[in-house]
Every structure is written in structure tokens, then in C-alpha cells.
Amino acid sequence: MKIDWAALGSVFGVSLVATVALVGLFTLGIVGLGKQEKAAAAGGSAVLARTGAYACFALCAAAVAYGIYLIVS
């Protein structure tokens, strides 16, 4: 049995980058919702924070759906 170390390293690298990007994007969504709550408590409008948070969550969902698509097909 021979292990293709280059392919294994490539898979590891792509997985690491995708994981960090997805967690970072989800974190930005949570931060956006937190800023929206702070602005609402202060009596201001936080449409941009809410929209950005929803966009981050939508991109996370799209990335997960794409990953599932790659696995299934």
C-alpha cells in the first residue's frame, strides 16, 4: 500500500482553509446580530448589521449545501 502524501496534504490544506473560513463567516453573522441588538436597545436602526448577518448565514448555508452536493454526486 502506498500513500500519496501530496494528495493527503492537499486535502488537509483545503479542509483547514474551508473550516476556518466557514467558522469565521458564522462568527461574523453572530457579531452582526449582536450589533443589531445593541443598536435596537439604544433606539437606533441596525438594518445594515442585520442584513450583513443574514448574508453571512446564507453563505454558510450555501457552503454546507455545496459540500453535501459534492459528497452525494
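A residue counts as partly exposed when its relative accessible area falls between the buried class, under 20%, and the exposed class, over 50%. The views below show a predicted model.

**View 1. The segment before α1 and a nonpolar surface patch.** I3 lies in the segment that precedes α1. With a relative accessible area of 39%, I3 is partly exposed, because this value lies between the 20% and 50% limits. A nonpolar patch on the surface is formed by M1, I3, W5 and L8. Together, these residues have about 570 Å² of accessible area.

**View 2. Helix α1 and its span.** Helix α1 comprises residues 5-42. For its 38 residues, a rise of 1.5 Å a residue gives an expected span of 56 Å, and the end C-alpha atoms are 55 Å apart, so the two values agree. Just after α1, G43 adopts a positive phi of about 90°.

**View 3. The buried residues of α1.** Within α1, the buried residues are G29, G32 and Q36. They pack against α2, which covers residues 47-72. Q36 has a relative accessibility of 17% and is therefore classed as buried, as the limit is 20%. Apart from its neighbours within four places in sequence, Q36 is in contact with A46, A49 and R50.

**View 4. Partly exposed positions of α1.** V31 belongs to helix α1. Its relative accessibility of 42% places V31 in the partly exposed class. V31 and A49 are 18 residues apart along the chain, and their C-alpha atoms are separated by 8.6 Å. G34 is also located in helix α1. At 28% relative accessibility, G34 counts as partly exposed. G34 and L59 are 25 residues apart along the chain, with 18 Å between their C-alpha atoms.

**View 5. Helix α2 and its buried residues.** The 26 residues of α2 should span 38 Å at 1.5 Å a residue, and a separation of 37 Å between the end C-alpha atoms agrees with this. A53, C56 and C60 are buried in α2. The buried residues of α2 pack against α1. The packing is thus described from both helices, since the buried residues of α1 in turn pack against α2.

**View 6. The cysteines C56 and C60.** The structure contains zero disulfides. C56 takes part in no disulfide, and the nearest cysteine sulfur, that of C60, is 6.9 Å away. Seen from C60, the closest cysteine sulfur is that of C56, and the separation of 6.9 Å is too far for a bond. The two sulfur atoms do not form a disulfide because the pair would have to lie within 2.5 Å. C56 has a relative accessible area of 11% and is buried. C60 is likewise buried, with a relative accessible area of 8%. Both values are under 20%, so each cysteine meets the limit for a buried residue.

Conventions: Residues numbered from 1 in each chain as written. Predicted model: local features only at pLDDT ≥ 70, side-chain atom pairs only at ≥ 80, totals over all residues. Heavy atoms only, no water. Buried < 20%, exposed > 50% of the residue type's maximum accessible area, 1.4 Å probe, protein only. Helix = DSSP H or I, 4+ residues; strand = E, 2+ residues; numbered from the N terminus. Contact = heavy atoms within 4.5 Å. Expected span 1.5 Å × (residues − 1). Patch = residues over 30% accessible without salt bridge, like charges linked within 9 Å, V, L, I, M, F, W, Y side chains within 5 Å. Areas by Shrake-Rupley, 256 points an atom, 1.4 Å probe, with all protein chains shown as cover. Salt bridge = Lys/Arg side-chain N within 4 Å of Asp/Glu carboxyl O.
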